[in-house]
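User: I'm new to this one and would like a close look at a single part of it, with enough of the whole to find my way around. Could you walk me through it in plain words?

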Amino acid sequence: KGWLVDALHVPVIREGLFRNVQENLKLDVGAGTLDMERGSALAWKPGEELVSRLLNAEQSNSTIVFNDKYYLKIYRKLYRGLNPDFEVSRFLSEKTGFHNTPAYCGSVTWNKPGFYKVTLGLMQLKVDNQGDAWPYFLGRVEAYFRRLQASGLAPTDLAKVPLYKPLNASKLPEPYPALIGEDTIQALQLLAKRTVELHLALFLDRSDTAFTPIPYSEDYKVWLLNRILYMLDHRITTMESVMPNLSPQARVYAEEFLARKVEVKNRILSFDESHLNSSRIRIHGDFHLGQILRTEEDFYFLDFEGEPEATIRDRKVKHSPLKDVAGLIRSFHYAVFATIFGDHNFKMSEENLAEAGGRYYRAIVAVFLDTYLNTAFDNGLNIGYYQEIDFLLRYHIFEKAIYELGYELNSRPDWVIIPLKGLNQILNND
């Protein structure tokens, strides 16, 4: 008689696992081995006290904390092949000078000769932080609405900044600088700079073929179109079935989107790799404000596993860095409308809030893009020239909104209006 338990709940097992990583042990398991690798950031010395605990937070992995300094993530969903979170984290820490991600401390990999490797765990250095960037930017959006409300200005008093075009913060029309706030502008510029630095780190190293930049190809185009069209068909079917349950405003957007299905598909099919001269690289792949840690003075990037809906093979496909930028821009859009739909006591009507939020969104995206593009150009990141950049950015924003549509239809129907609004903006260039 006895108890069958999850071994990660047993302190001696957790701490033994840590020591095995620290000692670079290889343990025979059946016909293969468990390969424990110590990363350069693991500074623990044998004989030091070691205290561990298992995080209780609900998430897709099990995480052990050692001495409140090292985080060992044990993956509960395993893949045939190395996990991209491990691959990218290890690459950034061990082979590049990029420091704005938790440093690589070690890993656990199952290795069977002549077979595929399987990543079981990833250990990283803790980053002391103030939470992720999502609540931080929600607070910045709310502050904007409160300043606008106090100013007595109507949303239509604010100039419309061109959509998805860079604009230096010093050239923002009045009264945007005061309404947005200097702290928010500086945060946007810093986040854009760190994003470019991430992409440069993934672009400049030529020592690992898994990270070598490559050109566009017809194979990539076929893969991309098949993937997006499959997503679109699935979302359309779901949307048609839940249409009666949508809010009146969401239904208006949904009906317009469905009425323009042919136009939507033509926009997707407009991808022409023969006119693209920029490079494709490994990217974050699921880049949004919830994947970014905020410290007192900086931003750090987390979780390089890629889109949850994608296969492990698809998560390793190389893309334009602008796909990450598109994901973050969509996240800004979410922050604006999550604030509008949230609990607040704004005195403006929802229509005025939506109009004011849309103009704010244009302005912060313009500031972010200005810093990102200029920093990219100055440092040789090959993202193409402005016409190519504009096409790829809009294309990937459209793709991301289609992806989001599926999540909201299945999980949060009340929020379907947010990706629908984004799709509507692209279709109308509004």
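To get going: what percentage of the 430 residues of the chain count as buried? And then the part I'm curious about: how does strand β7 (residues 118-125) sit in the rest of the structure?

Analyst: Happy to. One thing to keep in mind is that this is a predicted model. As for your opening question, 54% of the chain's 430 residues count as buried. The chain holds 13 helices and nine strands, and its C-alpha trace spans about 70 × 55 × 50 Å along the principal axes. A compact globule of 430 residues would have a radius of gyration near 22 Å, and the chain, at 23 Å, agrees with that. If you look at contacts with a separation of 6 or more, 74% of them are between residues 24 or more positions apart.

Now zoom in on β7. Six of its eight residues are buried, so the strand is largely enclosed by the rest of the structure. "Buried" here is a matter of relative accessible area, with the cut-off at under 20%.

Who are its partners? β7 pairs with strand β5 (residues 70-75) in the antiparallel sense, over five bridges. To find that pairing on screen, pick lysine 73, whose bridge partner in β7 is leucine 122. β7 also runs antiparallel to strand β6 (residues 104-111), and six bridges join the two. For this pairing, a handy spot is valine 108, which has glycine 121 of β7 as its bridge partner.

β6 and β7 are also linked along the chain: they form a hairpin, with six residues between them. Have a look at glycine 114 in that turn, since its phi is positive, at about 80°. While you're tracing the strands, here's a general tip: in a regular strand, side chains alternate between the two faces of the sheet.

For a look at burial elsewhere, jump to lysine 323, which has its place in helix α10 (residues 322-341). Lysine 323 has a relative accessible area of 13%, so it counts as buried. Leaving aside neighbours within four places in sequence, lysine 323 is in contact with Arg227, Ile283, Glu307, His396 and Glu399.

Finally, step back to the outside. The chain's accessible surface comes to about 19600 Å², and carbon and sulfur atoms account for 51% of that. The chain has 50 positive and 55 negative charges, and their mean positions are 3 Å apart.

Technical notes: Residues numbered from 1 in each chain as written. Heavy atoms only, no water. Buried < 20%, exposed > 50% of the residue type's maximum accessible area, 1.4 Å probe, protein only. Helix = DSSP H or I, 4+ residues; strand = E, 2+ residues; numbered from the N terminus. Pairing = 2+ DSSP bridges. Rg over C-alpha atoms; globule rule 2.2 N^0.38 Å. Contact = heavy atoms within 4.5 Å. Areas by Shrake-Rupley, 256 points an atom, 1.4 Å probe, with all protein chains shown as cover. Lys, Arg positive; Asp, Glu negative; His and termini not counted. Charge placed at Lys NZ, Arg CZ, Asp CG, Glu CD.
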